[in-house]
Amino acid sequence: MIEILTNYNDVLIEGFINTLIASLIALVISLIIGTLLGIFQVSTNKLLAGIANFYVQLFLNIPLLIIVLFFYVVFPMFFVGVNGFTAGIIGLTIYTSAFIAETVRAGILGVPNGQMEAGLSTGLTYGDTMRYIILPQAIKIVIPPLGNQFINLVKNSSVLAMVAGLDLMYYGDLIASETFNTFDTYIIVALFYLIITLPLTYLMQYVERRLAAND
Amino acid sequence: MDFTGAYSWVNIRFLLDGLLVTLEIAAISIILSFIIGAILGLVRYMKVPVLSFLAGAIVDIIRNLPLLLIIFFTYFALPQIGIRLSIFWSAVAAMTIFESAMLSEIIRGGLNSIPVGQMEAGRSTGLTYAQTIWYIIIPQALRAMVPPIVSQFVALVKDTSLATIITLPELTHNARIVYGQDTNFVIPMFIAMGFLYWVVCYTLSKLSKRLETSNA
Amino acid sequence: MKIMKKRPLLFLLLLPIIWLSACTSGQVANQDITERIAVASTPEIIWGVKADTNLFGLYNIAKGEIEGFDIDIAKALTEEITGSADNAEFVEVTSKTRIPLIKNGNIDAIIATMTISEERKKQVDFSDVYFAAGQSLLVPNDSAIQSIEDLNADTTVLAVKGSTSAQNIREHAPEANILELENYSEAFTALQSGQGDAMTTDNAILLGIIDENPGYRLAGAPFTDEPYGIAINHGQENFLNEVNKALDTIIENGTYAEIFTKWFPEEEVPELN
């Protein structure tokens with residue numbers, strides 16, 4: 001096990017960093033897209049709500065691997081070639097956006113109806129009530145599930161390995177097929193993933209408790 | 001683009017064969033992981049000394065790993081220590097290990113969401129600890145648990161696609177075989193594959209909505 | 001069933017201990033295949049074969065079975081050893097899964113365009129050569145690449161994971177970038193979409209791709225010798241000897257030449273042994 005770590009530390013670290021980068025990029029973009037979609041879903045504008053609902057229902061129910069493979073295999077046939085890393089990030093973003101949209105929608109609906117009425121009755125517009133009254137309260141509801149989405153995102157980023165995405169799993173797999181020491185290699189790869197996901201999990205549990213205590 | 005050739009009966013039948021394997025794997029894993037997840041979740045909720053801690057540690061490790069890694073592990077690494085499973089059963093084992101951990105977390109969360117007062121109330125009416133959990137806590141917790149559990153089942157169905165990496169002849173694997181033989185079939189196969197997964201998962205999640213409303 | 005499920009959980013829990021034992025225990029001995037064939041009522045031999053490689057092992061969707069040179073050779077060998085070609089069972093493998101599978105005991109032998117190499121001999125034993133290939137480059141017809149010498153730091157070569165071809169490129173063209181993919185069809189799709197400038201693997205496999213996809217050519221002569229062998233797990237000497245004996249027989253009685261001409265009508269039947 002020590003041997004694998006010393007012989008392959010450079011590729012393991014490169015993979016680890018690529019996994020982090022892919023997860024972070026996908027997180028930031030899907031937070032933006034997901035939040036917008038979530039707001040659109042509860043919007044009174046039928047068209048916006050329809051589009052957002054269509055998007056969410058489509059991508060919630062299709063495997064991430066299919067979305068990533070689509071961008072890797074189909075996209076280049078019509079547009080430009082994308083490498084596995086990029087195809088992976090695009091797929092992760094599209095997929096995670098749908099989940100974040102669902103979370104945000106649930107968060108907004110979690111704020112009691114009366115709040116919107118109260119806001120409107122004080123003369124605020126729909127947009128202002130949303131922005132100053134509903135969303136700040138919704139954020140509190142959505143923080144814990146959003147944290148879980150990020151943890152899922154890190155785990156899901158391993159799908160990059162299926163399209164030569166140069167992530168932690170890809171290199172781990174390569175080391176395993178070169179050394180044939182699959183057992184030790186996968187344990188090492190597992191530890192690298194846990195370095196990211198375990199602290200996040202405990203942080204989220206802490207945040208959740210703090211939020212609950214504040215209520 | 002040759003859609004008629006792509007959707008020949010031979011190819012469609014091949015995809016449906018794959019879908020059947022997908023559904024088999026998903027169904028077996030759903031049942032097994034629900035049982036194991038429920039046991040783990042209960043053990044953690046009941047705070048049995050040592051046992052609950054161990055269950056918690058295992059669950060925390062497993063649910064924080066990528067499923068793909070666990071699939072590789074059950075298929076490529078376990079034989080190194082003398083545990084040999086066929087492709088089908090190592091896929092089932094990987095899905096079950098991972099989804100049990102995810103489900104146990106949902107179940108524990110659901111049980112914990114029931115106020116402590118309920119337990120005290122149950123005990124004060126003369127019910128035993130186990131009876132209170134069975135007759136009072138679980139029925140109430142179920143209501144909160146059903147939607148996330150069904151979402152997890154939907155996730156499980158989608159996750160079976162990852163087992164294509166160990167040549168499990170499921171839907172994704174078979175679609176890749178078809179489009180691997182003819183570039184013209186790539187898009188038709190993606191449409192067919194996406195459609196089949198979507199129908200299965202959407203139906204499952206709609207089922208959850210119905211359960212939710214009928215429970216409320 | 002329950003034990004099977006519980007065991008992995010337990011093992012994860014006892015990680016440190018297993019790790020130590022995994023380092024020391026090594027490979028669990030397999031049942032002797034020859035003995036198993038001798039006593040079984042239906043003496044099956046399970047072959048690991050490719051399902052995505054034209055001419056060698058390709059899934060025929062209409063028939064629901066895998067077809068190719070490797071499959072026919074495996075059937076002929078099975079007939080020699082057990083008396084009937086119907087005893088040959090086929091399991092799909094990829095370059096990545098085949099060695100773990102044979103170690104796993106799920107298959108008895110690998111006949112899947114596998115090059116005999118010193119590195120692999122540490123894991124498995126090889127039969128005598130049953131096909132002599134050589135590694136080459138596949139490029140679009142209009143490519144500037146004429147041979148392995150044209151690869152440089154600006155070119156990306158697509159290879160398949162778990163095969164020796166990536167290592168060979170590193171030796172012959174250390175400057176070139178390498179991207180390793182899951183299987184031949186994905187590597188070729190990547191080449192078509194411009195992810196790389198050339199795809200590399202054995203000429204025999206590349207010819208199978210050109211056969212189905214006009215517009216591509218080989219760049220230069222093969223730059224390696226890739227003798228294909230049948231891989232069998234360590235500790236199966238009896239079975240290995242039987243396979244070698246059967247191979248000799250089918251080469252001598254003309255069955256080999258017949259199968260070779262069926263799949264490679266343009267090529268001359270090589271002199272093996």
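These legends accompany close-up views of a predicted model.

**View 1. Annotated membrane spans of chain B.** Let's start with what the record says: the unreviewed UniProt entry marks residues 20–43, 50–75, 81–98 and 185–205 of chain B as "transmembrane region". Two of these spans are shown here in turn. In residues 20–43 of chain B, helix makes up 100% of the span and strand 0%. The C-alpha atoms at the two ends of residues 20–43 of chain B are 34 Å apart. For residues 50–75 of chain B, the helix content is 85%, again with 0% strand, and the end C-alpha atoms are separated by 30 Å.

**View 2. Where chain B meets chain A.** Each partner brings 29 residues to this contact, chain B and chain A alike. On the chain B side, helix 3 (51–63), helix 4 (67–77), helix 7 (129–159) and helix 9 (186–215) each contribute at least two residues. Which helix gives the largest share of the side of chain B that touches chain A? That is helix 9 of chain B, with ten residues. Sorted by class, the side of chain B that touches chain A holds 21 nonpolar residues, six polar and two charged.

**View 3. A three-stranded sheet in chain C.** Here you can follow an open sheet of three strands in chain C, ordered 2-3-4 with antiparallel pairing. Strand 2 (52–53) and strand 4 (65–67) of chain C are the edge strands, each pairing on one side only. Two bridges join strand 2 of chain C to strand 3 (residues 57–60) of chain C in the antiparallel sense. Zooming in on one partner pair, Thr53(C) has Gly57(C), in strand 3 of chain C, as its bridge partner. As a reminder, strands of a sheet pair through backbone hydrogen bonds, either parallel or antiparallel.

**View 4. The annotated region and two domains of chain C.** In an unreviewed entry, UniProt assigns the feature "domain: Ionotropic glutamate receptor C-terminal" to residues 44–266 of chain C. That span is 35% helix and 26% strand, and its end C-alpha atoms lie 34 Å apart. The domain assignment of chain C gives domain 1 as 42–132 + 227–263 and domain 2 as 135–224. Taken over C-alpha atoms, the centres of domain 1 and domain 2 of chain C are 25 Å from each other.

**View 5. The contact between the two domains of chain C.** Eleven residues of domain 1 of chain C touch 16 residues of domain 2 of chain C. What classes of residue does domain 1 of chain C present to domain 2 of chain C? Two are nonpolar, seven polar and two charged.

Definitions and conventions:
Residues are numbered from 1 along each chain as its sequence is written. Chains are lettered from A and ligands numbered from 1 in the order in which they are written. This is a predicted model: local features need pLDDT of at least 70, side-chain atom pairs count only at pLDDT 80 or more; totals for chains, interfaces and linings use all residues. UniProt positions are given in the numbering used here, feature names are shortened, and annotations may be inferred rather than shown by experiment. Helices (H or I, at least four residues) and strands (E, at least two) are DSSP runs, numbered from the N terminus. Two residues are in contact if their C-beta atoms, placed from the backbone, lie within 7 Å. Ala, Val, Leu, Ile, Met, Phe, Trp, Tyr, Cys and Pro count as nonpolar, Asp, Glu, Lys and Arg as charged, and the others, Gly among them, as polar. Two strands pair if DSSP finds at least two bridges between them. Domain bounds come from an automatic or database domain assignment.
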